Amino acid sequence: MSTHKSVEPHGCIVCGRIHDLLIVRSDDGRLVDCSVTSPGGRQVTDPERILVACDRHSSEEIERAIARHYPGRAAPDKPDED
Ligand SMILES: [Zn+2]
């Protein structure tokens, strides 16, 4: 199976700064691998989408930013409303 590599710019989830990501996809378009190629950035592990953030942001900052950008995700510290 062959793969396709491409570089895509993604904005930091916290401050919007653009980081370059090397994206590797399989023939059928599935994401195989990705890594941040620009200095000062890192990938944020998220099962649903590709996210990046600057190295200087704490994981708490990043979690808050994700919750703000994608409301409706289950927040771990929110009590269950039933
Ligand atoms: Zn940032």
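Reader: In this predicted model, which residue of strand 3 is the bridge partner of R25?

Author: R25 lies in strand 2, and in the predicted model that strand is joined to strand 3 by five bridges, with the two strands running antiparallel. Leaving aside neighbours within four places in sequence, the contacts of R25 are T3, H4, R30, L31 and V32. From strand 3, the bridge partner of R25 is L31.

Reader: How many angstroms separate the C-alpha atoms of R25 and H4?

Author: H4 is among the residues in contact with R25 once neighbours within four places in sequence are set aside. Strand 1 (residues 3-11) and strand 2 (residues 18-26) are joined by nine bridges and run antiparallel. Although R25 and H4 are 21 residues apart along the chain, their C-alpha atoms are separated by 5.2 Å.

Reader: Does R25 count as buried, partly exposed or exposed, and why?

Author: A residue is buried with 20 or more other C-beta atoms within 10 Å of its own, and exposed with 12 or fewer. Because R25 has 15 C-beta neighbours inside 10 Å, R25 counts as partly exposed.

Reader: What is the order of the strands in the open sheet of three strands, and which strands stand at its edges?

Author: The pairing in this open sheet is antiparallel, and its order is 1-2-3. Each edge strand has a single partner strand, so one side of each is left without a neighbour in the sheet. Neighbouring strands here are turned by 25° against each other on average, direction ignored. The strands at the edges are strand 1 and strand 3.

Reader: Which residue in the turn between strand 1 and strand 2 has a positive phi?

Author: Strand 1 and strand 2 form a hairpin with six residues between them. On the strand 2 side, H19 is the bridge partner of H10. In the turn, a positive phi of about 85° belongs to G16.

Reader: Which residue of strand 5 stands opposite Q43?

Author: Strand 4 (residues 41-44) and strand 5 run antiparallel and are joined by four bridges. These two strands also form a hairpin, with six residues between them. Opposite Q43, in strand 5, stands V52.

Reader: Which strand gives the most to the largest nonpolar core?

Author: The largest nonpolar core has nine residues, namely C12, I13, V14, L21, V44, L51, V52, A53 and I62. With three residues, the strand that gives the most to this core is strand 5. One of the core residues, I62, touches I13, V14, V44, A53 and H57, not counting residues up to four places away in sequence. The strand asked for is therefore strand 5.

Reader: How far apart in space are E63 and V44, C-alpha to C-alpha?

Author: E63 is found in helix 1 (residues 59-69), and with 18 C-beta neighbours inside 10 Å it counts as partly exposed. V44 is one of the residues of the largest nonpolar core. E63 and V44 are 19 residues apart in sequence, and their C-alpha to C-alpha distance is 9.7 Å.

Reader: Which strand has the highest confidence in the protein?

Author: The protein has one helix and five strands, following the pattern β-β-β-β-β-α along the sequence. Its mean pLDDT is 88, and 88% of its residues reach 70 or more. Confidence is lowest in strand 3 (residues 31-36), at a mean of 90, and highest, at 96, in strand 5 (residues 51-54).

Key: Residues are numbered from 1 along each chain as its sequence is written. This is a predicted model: local features need pLDDT of at least 70, side-chain atom pairs count only at pLDDT 80 or more; totals for chains, interfaces and linings use all residues. pLDDT is the predictor's confidence in each residue, from 0 to 100. Two strands pair if DSSP finds at least two bridges between them. A nonpolar core is a set of buried Ala, Val, Leu, Ile, Met, Phe, Trp, Tyr and Cys residues joined through C-beta atoms within 7 Å. Two residues are in contact if their C-beta atoms, placed from the backbone, lie within 7 Å. Axes are lines fitted to C-alpha atoms, for helices over the stretch in contact, and angles run from 0 to 180 degrees between N-to-C directions.
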